Amino acid sequence: MPTVAVVCGSRSDLPSLKGCFDVLDEYGITWEASVISAHRQPDALHAYVDEAEEAGVLVFIGAAGLAAHLPGVLASLTARPVIGIPLDGGSLGGADALYAVVQMPPGVPVATVAIGSPGAKNAAHLAARILAISDPAIAERVASVRAGQAAGSELRVDPRAG
Ligand code: RP5
């Protein structure tokens, strides 16, 4: 069993998660993705979380659109960190999913990232930072990704240059 379990509510969600999978790969983090709907397959979701925890999954990423209860239900089933990705695709452009994912009651946290593909990438970056606390190899990769971002963003403009 991998370190990160990514669960989404529908096969139709998978294309939005490509950036998440790619970033997890860049960090060398083992992951698996499953389609298990909180609304359509509640018992299967419960069983999966139990299995995944027992097998050593450390971080869960939940992604769903519309009335996106999946990340919140994951957080109700595990004490491991849960990162929620609200997906766009519905007629409200993902605002529906954002509210559903971010507005968790106190005591049942879901670390909510941005809507859609940017959020999918950040879910993987956040998972890496969580794992880096106790995994020096991942910590090194996090440091190197951050250094690369800083170098890539640097721009100095010389006002005296023509
Ligand atoms: C949500 O409903 C899923 O996460 C998906 O984003 C949305 C639509 O699901 P499908 O009707 O495409 O299966 O539960």
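In this predicted model, the side chain of S12 puts an N or O atom 2.7 Å from an oxygen atom of the ligand. D13 does much the same job on paper: an N or O atom of the D13 side chain is 2.6 Å from a ligand oxygen. R40 joins in as well, with a polar side-chain atom lying 2.8 Å from an oxygen atom of the ligand. On its own the ligand has 370 Å² of accessible area, and the protein covers 71% of that. The full set of residues around the ligand takes in G9, S10, S12, D13, R40, A64, G65 and L66. Sorted by character, this shell comes out as two nonpolar, four polar and two charged residues.

As for where the ligand ends up, it sits in the largest pocket. That pocket holds about 330 Å³ of space. Its lining is made up of 20 residues, and those closest to the pocket centre are S10, D13, A64, G65 and L66. These five names also turn up in the list of residues that surround the ligand. Taken as a whole, the lining of the largest pocket splits into seven nonpolar, 10 polar and three charged residues.

L66 deserves a second look, since this residue is part of the ligand surroundings and also belongs to the group closest to the pocket centre. The backbone here has a positive phi of about 60°, even though L66 is not a glycine. Along the chain, L66 falls in the loop that runs between β3 (59-65) and α3 (70-77).

Stepping back to the overall fold, the protein chain contains six helices and five strands. Followed along the sequence, these elements come in the order β-α-β-α-β-α-β-α-β-α-α, with two helices in a row closing the pattern. The C-alpha trace of the protein chain spans about 65 × 40 × 30 Å along its principal axes.

Terms used. Residues numbered from 1 in each chain as written. Predicted model: local features only at pLDDT ≥ 70, side-chain atom pairs only at ≥ 80, totals over all residues. Heavy atoms only, no water. Near = heavy atom within 4 Å. Polar contact = N/O pair within 3.5 Å; in protein donor to acceptor, adjacent residues only side chain to side chain. Areas by Shrake-Rupley, 256 points an atom, 1.4 Å probe, with all protein chains shown as cover. 1 Å grid on protein atoms, 1.4 Å probe; cavity = no way out; pocket = protein on both sides within 12 Å on 5 of 7 lines; lining within 4 Å. Sits in = over half its atoms within 2 Å of the grid points. Nonpolar A, V, L, I, M, F, W, Y, C, P; charged D, E, K, R; others polar. Points joined across faces, edges and corners; volume = space filled by probe spheres on them. Helix = DSSP H or I, 4+ residues; strand = E, 2+ residues; numbered from the N terminus.
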